[in-house]
Amino acid sequence: LRLDHNKLWTIPCDLGSALPQVTKLELQFNHLEAIPASLLELPYLRELNLSHNKLTDLPSLPHWSSSLTTLDLSHNNLSTLPGHPDACSLEVLNVSHNKLDVVPQCICSFLTLCTLDLSYNSIAVIPEEMGILRNLTTLNLNGLSCVKRAMAEGEVLTKRVDEGTELPRNIFLHTSG
């Protein structure tokens, strides 16, 4: 369902119940500051694009849709992500160009994650816990201060991004400092 570029400011709370069979929802390039919890609970939703909005937070839910594999939250105003949603099957998460100053803890609970984009945030440290993401094959850290510091110190980024952070060996790391 394409609802992108529609200058939407809000989404009805019951939109999720009206669209139980939707598998892909494109809401990018609107003016959304919040979304209803029902969007993250759609049972068949596989792809959700909320990029280029004005989101400041996401609903705090114990469960996200177990079908959700791709979530694009780039170019928003997020400073954190909600707790540890259970039963989430995220494979691709893009939180680039937000206001994150730390890697949200919930990211380390997305064990199925293959691609993670943290670029162009204010993140200063890559947490040691990210080493648990054994399926992660692509990690974009462009524009992060910890990458600039590590590169200036001549650190080998494919093995260690910051003190004690061991990343999976098969990872393709995007860095431009």
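**Figure 1. Overview of the chain.** Three helices and seven strands make up the secondary structure of the chain. This is a predicted model, so please keep the confidence values below in mind as you look around. Following the sequence from its start, you meet these elements in the pattern α-β-α-β-β-β-β-β-α-β. The chain has 177 residues, and 47% of them count as buried. Its accessible surface comes to about 8600 Å², with 52% of that area belonging to carbon and sulfur atoms. Among the contacts with a separation of 6 or more, 30% are between residues 24 or more positions apart.

**Figure 2. Confidence along the chain.** The average pLDDT of the chain is 85, and 81% of the residues score at least 70. Where does pLDDT stay under 50? That stretch is residues 156-164. For this stretch, the model has 26 contacts beyond four places in sequence.

**Figure 3. A salt-bridge network takes in five residues.** The structure holds four salt bridges, and a network of salt bridges links Arg2, Asp4, Lys24, Glu26 and Glu47. Side chains of opposite charge can pair when their charged atoms come close. One of the pairs here is Arg2 with Asp4, whose side chains meet at 2.9 Å, N to O. Is each partner buried or exposed? Arg2 counts as exposed, at 58% relative accessibility, whereas Asp4 counts as buried, at 11%.

**Figure 4. Lys24 pairs with Glu26 and with Glu47.** The side chain of Lys24 meets that of Glu26 in a salt bridge of 3.3 Å, N to O. Lys24 also forms a salt bridge with Glu47, and here the closest N and O atoms are 3.8 Å apart. This second pair links distant parts of the chain: Lys24 sits in strand β1 (residues 24-26) and Glu47 in strand β2 (residues 47-49), 23 residues apart. Lys24 is partly exposed, with a relative accessible area of 35%. Glu47 is partly exposed as well, with a relative accessible area of 33%. Glu26, in turn, counts as buried at 14% relative accessibility; the cut-off for buried is under 20%.

**Figure 5. Asn76 and its polar contacts.** Here we turn to the loop between β3 and β4, where Asn76 is found. Asn76 is buried, because its relative accessible area is 5% and buried means under 20%. What does the side chain of Asn76 reach at 3.3 Å? Its partner there is the backbone nitrogen of Lys54. A polar atom of the Asn76 side chain also lies 3.0 Å from the backbone oxygen of Leu50. With neighbours within four places in sequence left aside, Asn76 is in contact with Leu50, Ser51, His52, Asn53, Lys54 and Leu55, and also with His97 and Asn98.

**Figure 6. Two histidines with a positive phi.** Most residues other than glycine have a negative phi. Which way does the phi of His5 go, positive or negative? His5 has a positive phi of about 55 degrees, although it is not a glycine. His5 belongs to the segment before α1 (15-18), and the residue is exposed, with a relative accessible area of 53%. His75 likewise has a positive phi of about 55 degrees without being a glycine. You can find His75 in the loop between β3 (70-72) and β4 (92-94). With a relative accessible area of 30%, His75 is partly exposed.

**Figure 7. The largest nonpolar core.** In soluble globular proteins, nonpolar side chains tend to be buried together. In this model, the largest nonpolar core has 45 residues. Which of them touch the most other members? They are Trp64, Leu73, Leu93, Ile107, Leu118 and Met130. Helices α2 (37-40) and α3 (145-152) each supply at least two residues of this core.

**Figure 8. A closer look around Met130.** Met130 is among the core residues that touch the most other members. Beyond four places in sequence, Met130 touches Val103, Cys108 and Leu116. Leu118, Leu136 and Leu139 are also touched by Met130. One of these partners, Leu118, is likewise listed among the core residues touching the most other members.

Conventions: Residues are numbered from 1 along each chain as its sequence is written. This is a predicted model: local features need pLDDT of at least 70, side-chain atom pairs count only at pLDDT 80 or more; totals for chains, interfaces and linings use all residues. Side-chain values use heavy atoms; hydrogens and water are left out. Helices (H or I, at least four residues) and strands (E, at least two) are DSSP runs, numbered from the N terminus. Buried means under 20% relative accessible area, exposed over 50%, partly exposed in between (1.4 Å probe, protein chains only). pLDDT is the predictor's confidence in each residue, from 0 to 100. Contact means heavy atoms within 4.5 Å. A polar contact is a pair of N or O atoms within 3.5 Å; within protein, one must be able to donate a hydrogen and the other to accept it, and residues adjacent in sequence count only if both atoms are side-chain atoms. A nonpolar core is a set of buried Ala, Val, Leu, Ile, Met, Phe, Trp, Tyr and Cys residues joined through side-chain atoms within 4.5 Å. Accessible areas come from the Shrake-Rupley method with a 1.4 Å probe; for residues, only the protein chains shown count as cover.
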